[in-house]
Amino acid sequence: MEERFTGNFTQQEPISEAGIAAVCDILRSGRLHRYNLAGGERGAVAALEEEYAAWQGARHCLAVTSGGQGMQIALRAAGVQPGDPVLTNAFTLAPVPGAIAAIGARPVLVEVDDTLCIDLEDLRRKWEICKASCLLLSHMRGHLCDMNKLVDLASTLGLTVIEDCAHTMGAEWNGVKSGNFGHAACFSTQTYKHMNSGEGGLVTSDDAGFMARAIILSGSYMNHATHGTRPDDPDFADARLDMPNCSARMDMMRAALLRTQLPDLPRNIDRWARRFEAAAAPLAANPAVSLPAMRPEMRRVGSSIQFRVPSLDPGGCDALVQGCAARGVVLKWFGRDVPEGFTSAHPSWRYVDRQDLPQTDRILATLFDMRLPLTFPVEDCDLIGRIIAQEVAKLAPAQGAYL
Ligand SMILES: *Cc1c(COP(=O)(O)O)cnc(C)c1O
């Protein structure tokens, strides 16, 4: 009998009793809006901003409704205007080009390489053509490019870098936290990321002018004085009148809940690492499977795993998804021609001008993706890796004929 996996890929860990109590306290107080403060009170949202800024090592932090809203706010606060080109990775999640489109700017997609990271040569090429002033750098699925080279190139090209750290909250490059390389960083606390408040987002930056604009954009109703890590009053002088209110504030319940989760983040990163290693080992042992190379400077958060089976044709890829599903393992395939649950590729972003991305298309054609929720014991991750490796072996002899 073949082994089967019976866990649930969408099952998150329950909210801790401390988290439940913190949210109940807010509910009992009736003060759910971040600016509904009793005299002299600081409030959970401002407290979260202070605590997250300290954890991240950033001067300022702003809590918002989602990672996507955080990116829209960051782009506007960085001075991107309607019609401006904004460079971004061609392999990313839909809210990234979505944020650029939402502010009326124009996504210019940059090829990714075999490590699933932005291709720095193509970044230079695309910049030569569009002369964008901003790069929304998406660390998609936790893969960090050579951040030293990226920072050098961005400074040569005069690019303002905004990091999309939805999958790299707590990840590091050479001991420096992801999010501390660009001008600003955006994080998500949506259920499938590294902290879980259902929906939510955080924006960090050391730039006081940027943060003053971001705070006003988030919808501060002139209550910016109550913010946790706010810039000084003079920084708000123009921002408070120039910036539109985009009403994207975080509420007290989510902030109170996240405050109980932040101290657990380092331990959870270790737990993810063990799960990632267990799932990756059987895959690495199958020569038909190609795991993206891990740069030694990178400390990733293993909340998901990606791999390619380059010898499979589209029919083979579909058969692999089905074969794994029959044994309880849910794989996402980025090469599918129709977008499905949380997985879409650039050809289905019809609000973006069509762009020719042959290298990215070749990589996505045989790219698979899987979540590793913390509810899976480490042994289960090993079992999942074995099941996938066995199903690959049925379909793709190591010396496949397709490529
Ligand atoms: C989840 C995600 C976001 C933003 O997520 P929200 O759902 O808007 O909080 C941004 N970038 C990537 C790569 C993501 O996966």
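These legends go with close-up views of a predicted model, taking in the ligand site, a small sheet and a cavity.

**View 1. The ligand and the residues that come nearest to it.** There are 16 residues around the ligand, and Gly68, Asp164, His167, Ser188 and Lys193 come nearest. Sorted by class, the shell has six nonpolar, eight polar and two charged residues.

**View 2. Side chains facing oxygen atoms of the ligand.** Start with histidine 167: an N or O atom of its side chain sits 2.8 Å from a ligand oxygen. Serine 188 does much the same job in this picture, with a side-chain N or O atom 2.7 Å from an oxygen atom of the ligand. Then look for glutamine 190, where the distance from a side-chain N or O atom to a ligand oxygen is 2.8 Å. How much of the ligand does the protein bury? Taken alone, the ligand exposes 390 Å², and 92% of that is buried by the protein.

**View 3. Helices H3 and H4 beside the ligand.** Helix H3 covers residues 67–77 and helix H4 covers 95–102; each of them gives the shell at least two residues. Which element makes the largest contribution to the shell? That's H3, with three residues. Gly68, one of the residues that come nearest to the ligand, falls within the 67–77 stretch of H3.

**View 4. An open sheet of three strands.** Reading across the sheet, the order is S11-S13-S12, and the pairing is antiparallel. Strand S11 (304–308) and strand S12 (332–333) are the edge strands, each pairing on one side only.

**View 5. A closer look at S12 and S13.** Here S12 runs antiparallel to strand S13, which spans residues 367–371, and two bridges join them. What stands opposite tryptophan 333? Across from this tryptophan is phenylalanine 368 in S13.

**View 6. The cavity and its lining.** The structure holds just one cavity of 30 Å³ or more, and the space in the largest cavity comes to about 40 Å³. Around that space you'll find Leu109, together with His346, Pro347, Trp349, Val352, Asp353, Arg354 and Gln355. By class, this lining is made up of four nonpolar, two polar and two charged residues.

Note on methods: Residues numbered from 1 in each chain as written. Predicted model: local features only at pLDDT ≥ 70, side-chain atom pairs only at ≥ 80, totals over all residues. Heavy atoms only, no water. 1 Å grid on protein atoms, 1.4 Å probe; cavity = no way out; pocket = protein on both sides within 12 Å on 5 of 7 lines; lining within 4 Å. Points joined across faces, edges and corners; volume = space filled by probe spheres on them. Nonpolar A, V, L, I, M, F, W, Y, C, P; charged D, E, K, R; others polar. Near = heavy atom within 4 Å. Polar contact = N/O pair within 3.5 Å; in protein donor to acceptor, adjacent residues only side chain to side chain. Areas by Shrake-Rupley, 256 points an atom, 1.4 Å probe, with all protein chains shown as cover. Helix = DSSP H or I, 4+ residues; strand = E, 2+ residues; numbered from the N terminus. Pairing = 2+ DSSP bridges.
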